[in-house]
Amino acid sequence: MRKRIVSTVCGRLTLSYTLLFGLLSLAAFVLVYVHIVGDLNQQTDDRLRATIREFTKTREDGGLSGLQEEFDRESTAAGKERSFFRLLDPKGRPVASSGQRVWQELQWLPARIPAGSEQFKRLRIHELEYPIRIIATRLEDGFLLQAGIIDDKDEVLESYRETFSTAFFLILVLGGIGAYMIARRAMSGVREVTEAAGRIAAGDLDQPISKGNRGEEIEALATMFNTMQKRVSGLIGELKAVINNVAHDLRMPITRMRGVAETTLTRNANRESYRNMAVTVIEESDRLVSQINTILELAEIDAGIRVLAMQKVDLAEIVRMAVELYLPAAEERDITLSVQIDDQPYTLSGNQDGLQRLLANLLDNAIKFTPDGGKIDITLTAEKDGVVLSVADNGPGIAKEDKEHIFDRFYRGDTSRSISGNGLGLALVKAIARKHNGSVVVHSDGKNGSCFVVKLPQ
Ligand code: ADP
């Protein structure tokens, strides 16, 4: 149970606050106590001094007998057991005294006090409940005048200590209860967030934590939590879509292969038909393998499993090589490939393989979507903080509603249904650009071609 209380923030706050209250009130008590003790001592000593002054005057005016009378009167007025006076001659023999036995008991006799000076002492005598505070003053003629009064400040202090103990106990109990209530209130926001998180964990992904007035920190936590939940739910949605698409895309070629195999078998086919069937199976299998590889590659790049080793590469060189590779395909369809690269090295830290794949995908798309006799412009320019590669074609362009999705996995525009592809090319382009801390965007008005712009930091 103790462990459970200490392990909760609420419990810890309560204990800390209670401890703090306790320590502060203890410190205040000690401070006041020291002050009171000092004050009471001062008062007693002042009283004793005043008494001595009075007696000295009485002795001067009324002689020894006058002093004796004054001793008796004073001691009776204050109480026989509460005040004691005596006068000793220079040899230490008592010549006048208020007469109590207490003086016989008294061990303390100031040995050497210079004339005109005084000395204080606090003495405990076993038959008295309280100690006595005594002043001894050496008079000018060598006589020693002593006055003592019961020092009962202990009684006052005792009652102060009792009052404080009760107050201390109350402070601890009430402070503890107050601290617990404050801590509970402070933690109520956290509890709400935890409950909401629990609902989300139980599968209710679409219910965000409501905004409230739970304090800035808790609200920030709730907002962060909602952002995270949105992202998680987005990722799950994306994952579902990917799985659907993968299943769909893999089923198509397999169905095709099965169809070809079935017709070949049932048609009592000749050797040529078997050959054609084998060619179809090989082509479809190749396509499947390449698609699966791209899916894996994308997943690995996104998850950070595939680390693209970075080295110094010349992007101009990579562009030239890619153009050379795609030139035959372009020429076949009478498409002009024009390249504009300033005569300067475009070195950057990058992954040669990855950048080649990026360019290949952009050029592949450009050639695929540009009609025969079209034109593709590839330009490479240097900017202040990086290089900008653009691949522009004069194909059909990209519709506004497609623009925000074409970089998603498996997304294929409506117009491209009749053109081969799997919707993974641009997703890979984006993933590679991101791994280079770069970006890719598309500009298109939806009819006059499209222009893909890749920015890579140098
Ligand atoms: P795929 O080309 O296999 O369909 P991509 O991811 O490379 O997949 O492209 C996604 C979609 O973006 C394409 O289906 C197409 O609709 C559109 N797209 C890409 N490049 C171009 C382009 N150069 N011109 C017009 N549309 C394009």
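**Two sheets, a helix pair and a pocket**

Strands β9 and β10 make a hairpin, with two residues between them. Here helices (H or I, at least four residues) and strands (E, at least two) are DSSP runs, numbered from the N terminus, and two strands pair if DSSP finds at least two bridges between them. This is a predicted model, where local features need pLDDT of at least 70 and side-chain atom pairs count only at pLDDT 80 or more, while totals for chains, interfaces and linings use all residues. Residues are numbered from 1 along each chain as its sequence is written, and side-chain values use heavy atoms, with hydrogens and water left out.

Back to the hairpin: β9 and β10 run antiparallel and are joined by eight bridges, with Glu 383 opposite Gly 386 in β10. On the other side of the story, β9 pairs with β7 in the parallel sense over six bridges, and Ile 341 sits opposite Leu 380 in β9. These strands belong to an open sheet of five with the order β7-β9-β10-β12-β11 and mixed pairing. Its edges are β7 (336-341) and β11 (439-443); each has a single partner strand, so one side of each is left without a neighbour in the sheet. Neighbouring strands are turned against each other by 15 degrees on average, direction ignored; axes are lines fitted to C-alpha atoms, for helices over the stretch in contact, and angles run from 0 to 180 degrees between N-to-C directions. At the β11 edge, five bridges link that strand to β12 (residues 450-457) in antiparallel fashion, and Val 441 faces Val 453 in β12. Helix α8 (residues 352-369) packs on this sheet, touching β9 (375-383), β10 (386-393) and β12, and its direction makes about 25 degrees with that of β10. Contact, here and below, means heavy atoms within 4.5 Å.

Another open sheet of five strands follows the order β2-β1-β5-β4-β3, with antiparallel pairing. Here β2 (94-97) and β3 (118-123) are the edge strands with a single partner each, so each has one side without a neighbour in the sheet. The twist from one strand to the next averages 20 degrees. Strands β1 (residues 83-88) and β5 (residues 144-150) are held in antiparallel pairing by six bridges, and Phe 84 lies opposite Gly 148 in β5. Helix α2 (residues 9-78) packs on the sheet and touches β1, β2, β3, β4 (132-138) and β5, its direction making about 55 degrees with that of β1.

Then there is a helix pair. Helix α4 (residues 153-201) and α5 pack at about 10 degrees, with axes 10 Å apart. The two are therefore roughly parallel to each other (angles under 35 degrees count as roughly parallel, over 145 as roughly antiparallel, 65 to 115 as roughly perpendicular and the rest as oblique). On the α4 side the contact includes Ala 186, Gly 189 and Val 193, which meet α5 residues including Leu 221, Phe 225 and Gln 229. The contact residues divide into nine nonpolar, two polar and no charged. Ala, Val, Leu, Ile, Met, Phe, Trp, Tyr, Cys and Pro count as nonpolar, Asp, Glu, Lys and Arg as charged, and the others, Gly among them, as polar.

Helix α5 also gives the largest share, nine residues, of the lining of the second largest pocket. A pocket, on a 1 Å grid over the protein atoms alone, is an open set of points where a 1.4 Å probe fits, with protein on both sides within 12 Å along at least five of seven lines; lining residues have an atom within 4 Å of a point. The volume of this pocket is about 650 Å³, meaning the space filled by probe spheres set on the points, which are joined across faces, edges and corners. Of its 22 lining residues, the closest to the centre are Leu 235, Glu 238, Asp 302, Arg 409 and Arg 434. The lining comprises 12 nonpolar, two polar and eight charged residues.
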